[in-house]
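I opened the notebook to log what I looked up here, one entry at a time. The sequence and the structure come first.

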Amino acid sequence: MDKKILAIIAVIVVILVACGAYFAMGSSGDTVRIGHLQSDHDSALFVAKAQDQYAKNGINVQITQFNNGGDLMTAVAAGDIDVGYVGITPAMSSISKGVPVKVVSGAQTEGSGLVVDKDSNINSVADLKGKTVATPGAATIQQMLLTDVLNQNGMDIKDLKVTNLKAAQMVDAIKSNQIDAFIIWEPYSTIAVQSGEGKLLMNSSEIEPGHPCCCIVATDDFIANHPDELDTILKIHENATNYINENPKEAAELLPDDIVPDREIQGQILENTNFISGLDDEYKQNVMDFMNLEVKLGVLEKPLTESQIFADL
């Protein structure tokens, strides 16, 4: 056979193989696109990346940070993210709207704080009436928790002036008197208190003890077409979670600089945070209870079933 023809055939074979590999991994090629928030709730992701656990297990990841869970889930809906570390509230909200995504693991529980201006006369939830309170977004678990605690005290979200800010902006906003209070994930609630700019009104554990917070979601496409990669990612998450729970101070050293202004304080925060992995029956029941609360508060329009929320792994 003519050498020129053989060369052409060889090129065609290479292209076909490359195309097959590309479509086998979906639109992201051989890269798994993971989204996360600017929060220490996603510490397992940061630890795993810092320890090269993905690379060591043959997983090439592209990690993208989002301002809040609503933005992250919008990216999931658009097909730009395969796997996400995100709050259970925006995850369930997206599922209820038909976004093809499932919860594949828990990440942690509780871990948010309602902080008020240190010089304010706000000493109770009732004192928040008419005040300007910041949350990271309308579709976040923090705004849901704010709605919950107001409801517990006979109040409504409409009784406040609610504004949305990035987590990293909140301490400066309360310092400059732009807001009276905020509710946010760690480490920002502790940062505000430690810096002397804010005082803690209550932790989210006092609003809903043991409540689920961040989880891991994956698109239906990724679950169906990349079960081996997903299984590896979940094992990496479990390993990193165990490392954090056993070595909180060392884990704090592995977190990104834009999340950890003080490594010593961060180590204490991690030590007091309940990091989890997997989908056991207790976790699923806690999520279902939280889902029913969201329906009661009007955060979700109608109940979801377990099969709608959780992947069958």
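Is D30 buried or exposed? I looked up its relative accessible area and found 58%, so D30 is exposed. I keep in mind that this is a predicted model.

**Entry: around D30**

I placed D30 in the loop between α1 (3–24) and β1 (31–37). I then checked its distance to V61, 31 residues away along the chain. The two C-alpha atoms are separated by 8.7 Å.

**Entry: the whole chain**

I went through the secondary structure and found 15 helices and twelve strands. The radius of gyration is 22 Å, and the globule rule gives 20 Å for 313 residues, so the protein is as compact as a globular protein of that length. I also took the box along the principal axes, which the C-alpha atoms fill at roughly 90 × 45 × 35 Å.

Buried residues account for 51% of the 313. I looked at contacts between residues at least 6 apart in sequence, and 77% of them join residues at least 24 apart. The accessible surface comes to about 14,300 Å². Carbon and sulfur atoms hold 48% of that surface.

For charge, I noted 21 positive and 43 negative side chains. The centres of the two sets lie 6 Å apart.

**Entry: nonpolar cores**

Which residues touch the most other members of the largest nonpolar core? I88, M92, L128, F182 and I309 do, in a core of 62 residues. Helix α14 (residues 281–297) gives this core its largest share, seven residues. I noted a second, separate core of 33 residues, with A44, F46, Y85 and V260 among its members. As background, nonpolar side chains tend to be buried together in soluble globular proteins.

I followed I88 further, leaving aside its neighbours within four places in sequence. Its contacts are V103, I141, P212, C213, C215, Y283, V287 and F290.

**Entry: helix α2**

How many of the eight residues of helix α2 are buried? Six are, so this helix (residues 43–50) is largely enclosed by the rest of the structure. The buried ones are S43, A44, L45, F46, V47 and A48. A44 and F46 also turn up in the second core. Just after α2, I found D52 with a positive phi of about 60°.

**Entry: backbone checks**

Before going on, I recalled the usual case: most residues other than glycine have a negative phi, and most peptide bonds are trans.

E110 has a phi near 55°, a positive value in a residue other than glycine. I located E110 in the loop between β5 (108–109) and β6 (112–117). Its relative accessibility is 23%, so E110 counts as partly exposed.

N177 is not a glycine either, yet its phi is positive at about 65°. This residue lies in the loop between α7 (170–175) and β9. With a relative accessible area of 59%, N177 is exposed.

Which peptide bond is cis, with omega near 10°? I found the one from E186 to P187. P187 sits in the loop between β9 (181–185) and α8.

**Entry: E197**

I turned to E197, in the loop between α8 (188–194) and β10 (198–203). Is E197 buried or exposed? Its relative accessible area is 19%, and the cut-off for buried is under 20%, so E197 is buried.

I listed its contacts, again leaving aside neighbours within four places in sequence. E197 touches V116, D117, K118, V171, I174, K175 and A192. V116 and D117 fall within the range of β6 (112–117). V171, I174 and K175 fall within that of α7 (170–175). I also checked I179, which is 18 residues from E197 in sequence. Their C-alpha atoms are 12 Å apart in space.

**Entry: E250**

My last stop was E250, which lies in helix α12 (residues 248–252). At 43% relative accessibility, E250 counts as partly exposed. I paired E250 with L72, 178 residues apart in sequence. The C-alpha to C-alpha distance between them is 28 Å.

Definitions and conventions:
Residues numbered from 1 in each chain as written. Predicted model: local features only at pLDDT ≥ 70, side-chain atom pairs only at ≥ 80, totals over all residues. Heavy atoms only, no water. Helix = DSSP H or I, 4+ residues; strand = E, 2+ residues; numbered from the N terminus. Rg over C-alpha atoms; globule rule 2.2 N^0.38 Å. Buried < 20%, exposed > 50% of the residue type's maximum accessible area, 1.4 Å probe, protein only. Contact = heavy atoms within 4.5 Å. Areas by Shrake-Rupley, 256 points an atom, 1.4 Å probe, with all protein chains shown as cover. Lys, Arg positive; Asp, Glu negative; His and termini not counted. Charge placed at Lys NZ, Arg CZ, Asp CG, Glu CD. Core = buried A, V, L, I, M, F, W, Y, C linked by side-chain atoms within 4.5 Å.
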